[in-house]
Amino acid sequence: MKNFDFNLLTVLEVLLEEKSVTSAAARLHLSQSAVSKQLARLRDTFDDKLFERTSHGLRPTPKALALAPELRQVLNQVSQLTRPSDFEPELSQRKFRIHMVETAYSLTYPYFMPELLQQAPKIKLDSQTWHHNSMEMLLRCEVDLGIACREWDNRSLMHIKNIPDELEYVELLRDHPICLVSNHHPLLKEPWNLDTFLKYRHLQVTFGGIEHWLLDDVLKLSHLDRDIAVNMSDFTSAMQLCEQSELLLCCPAKYASQMSQNYALTTLTVPTDLIPGAYVLFWHKHFNFDLSHTWLRELIATRTIAHHQANPLS
């Protein structure tokens with residue numbers, strides 16, 4: 001490793017992400033031959049094949065997978081050392097990686113992205129849907145920012161106080177669950193209470209890598225459960241199904257107010273006491289003094305918070 005070329009680490013990172021020499025070459029603006037030669041040098045350096053060819057592309061070896069977390073940290077540290085001491089948004093070509101829950105896209109992007117495009121037209125945002133590994137990726141600095149849901153209700157395992165110490169966060173907006181039913185649902189002729197709510201079957205949307213929410217935690221404390229007939233991961237499909245059936249759909253109120261107007265659905269309160277939760281912007285403390293990172297997260301937070309404070313019902 002005496003004369004190791006640290007540029008090879010960038011090649012390894014891209015290969016781990018793309019799992020294809022062709023795609024990696026395109027991202028790195030290199031020829032496939034050049035990337036193949038650099039991969040051969042990486043194999044010699046680490047004394048491991050690193051990737052195996054399959055019909056679906058390159059499959060990382062256990063050694064390559066073990067290197068991945070350390071690789072991201074090293075590249076972040078090198079990037080910090082070489083980053084300019086001041087930040088000019090109009091000149092930056094930085095690419096940021098963001099993981100966010102599905103419902104957060106429409107609640108954030110429209111309010112900060114137009115200004116970002118004006119101030120920093122060359123910056124790129126790589127947005128991925130929040131999943132089970134997103135928190136670990138934040139902790140390993142493999143993701144720049146995350147937006148996920150956390151609770152203020154002490155009865156929830158997802159309480160905001162349980163955010164890892166390595167992460168910083170800012171609350172973007174509060175929200176609470178509501179219940180959607182078809183405009184022709186028979187329960188609309190019945191008293192609306194917890195008994196009626198639990199009498200009918202439910203449609204559950206699993207998002208943000210979490211399979212159950214505060215509502216279910218609170219019901220379990222009273223030894224109650226919802227009868228979940230269908231579990232899916234797409235709210236648009238869920239609302240279509242809710243419209244055409246007698247299934248009840250619980251979802252975040254702000255997201256529902258934007259989307260449910262396209263369907264023949266009636267909005268009802270959830271008939272149990274719940275403290276509103278929050279959409280939270282996360283980042284690792286490693287990025288606290290990164291000027292471009294600070295600029296982006298402050299833009300996201302200030303524009304999103306300002307909109308929802310001025311428009312509490314949207």
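The largest cavity in this predicted model is lined by 24 residues. Glu-151, Pro-177, Trp-213, Cys-251 and Pro-252 lie nearest its centre. About 360 Å³ of space lies inside the largest cavity. Several elements each give at least two residues to its lining: strand E5 (145-150), E8, helix H8 (214-221), E10 and strand E12 (277-284). By class, the lining of the largest cavity holds 16 nonpolar, three polar and five charged residues. In total, the structure has two cavities of 30 Å³ or more.

Next comes an open space. The second largest pocket has a volume of about 530 Å³. Its lining counts 22 residues. Nearest the centre of this pocket are Leu-16, Glu-17, Arg-97, Met-137 and Glu-142. Helix H1 (7-18), helix H4 (62-82), strand E3 (95-100), strand E4 (124-129) and helix H6 (134-139) each supply at least two lining residues. H4 gives the largest share, five residues.

The table sets out the two spaces.

| Space | Volume | Lining residues | Nonpolar | Polar | Charged |
|---|---|---|---|---|---|
| Largest cavity | about 360 Å³ | 24 residues | 16 residues | three residues | five residues |
| Second largest pocket | about 530 Å³ | 22 residues | eight residues | three residues | 11 residues |

Now the sheet. Five strands form an open sheet with mixed pairing, in the order E9-E8-E10-E7-E11. Strand E9 (228-232) and strand E11 (265-269) stand at the edges. Each has a single partner strand, so one side of each is left without a neighbour in the sheet. From one strand to the next, the twist averages 30°.

Inside the sheet, strand E7 (residues 177-182) and strand E10 (residues 248-252) run antiparallel, joined by four bridges. Ile-178 stands opposite Cys-251 in E10. Cys-251 is also among the residues nearest the centre of the largest cavity.

Which helix lies across these strands? Helix H9 (residues 235-243) does, crossing E7, strand E8 (202-205), E9, E10 and E11. H9 runs at about 145° to E10.

Last, a helix pair. Helix H2 (residues 21-28) and helix H3 (residues 32-46) pack at an angle of about 105°, their axes 9 Å apart. That angle makes H2 roughly perpendicular to H3. Where do the two helices meet? On the H2 side the contact uses Val-21, Thr-22, Ala-24, Ala-25 and Leu-28. On the H3 side it uses Gln-32, Val-35 and Ser-36. The contact of H2 with H3 has five nonpolar residues, three polar and no charged.

Key
Residues numbered from 1 in each chain as written. Predicted model: local features only at pLDDT ≥ 70, side-chain atom pairs only at ≥ 80, totals over all residues. Heavy atoms only, no water. Axes fitted to C-alpha atoms, helices over the stretch in contact; angles between N-to-C directions. Parallel < 35°, antiparallel > 145°, perpendicular 65-115°, else oblique. Contact = heavy atoms within 4.5 Å. Nonpolar A, V, L, I, M, F, W, Y, C, P; charged D, E, K, R; others polar. Pairing = 2+ DSSP bridges. 1 Å grid on protein atoms, 1.4 Å probe; cavity = no way out; pocket = protein on both sides within 12 Å on 5 of 7 lines; lining within 4 Å. Points joined across faces, edges and corners; volume = space filled by probe spheres on them.
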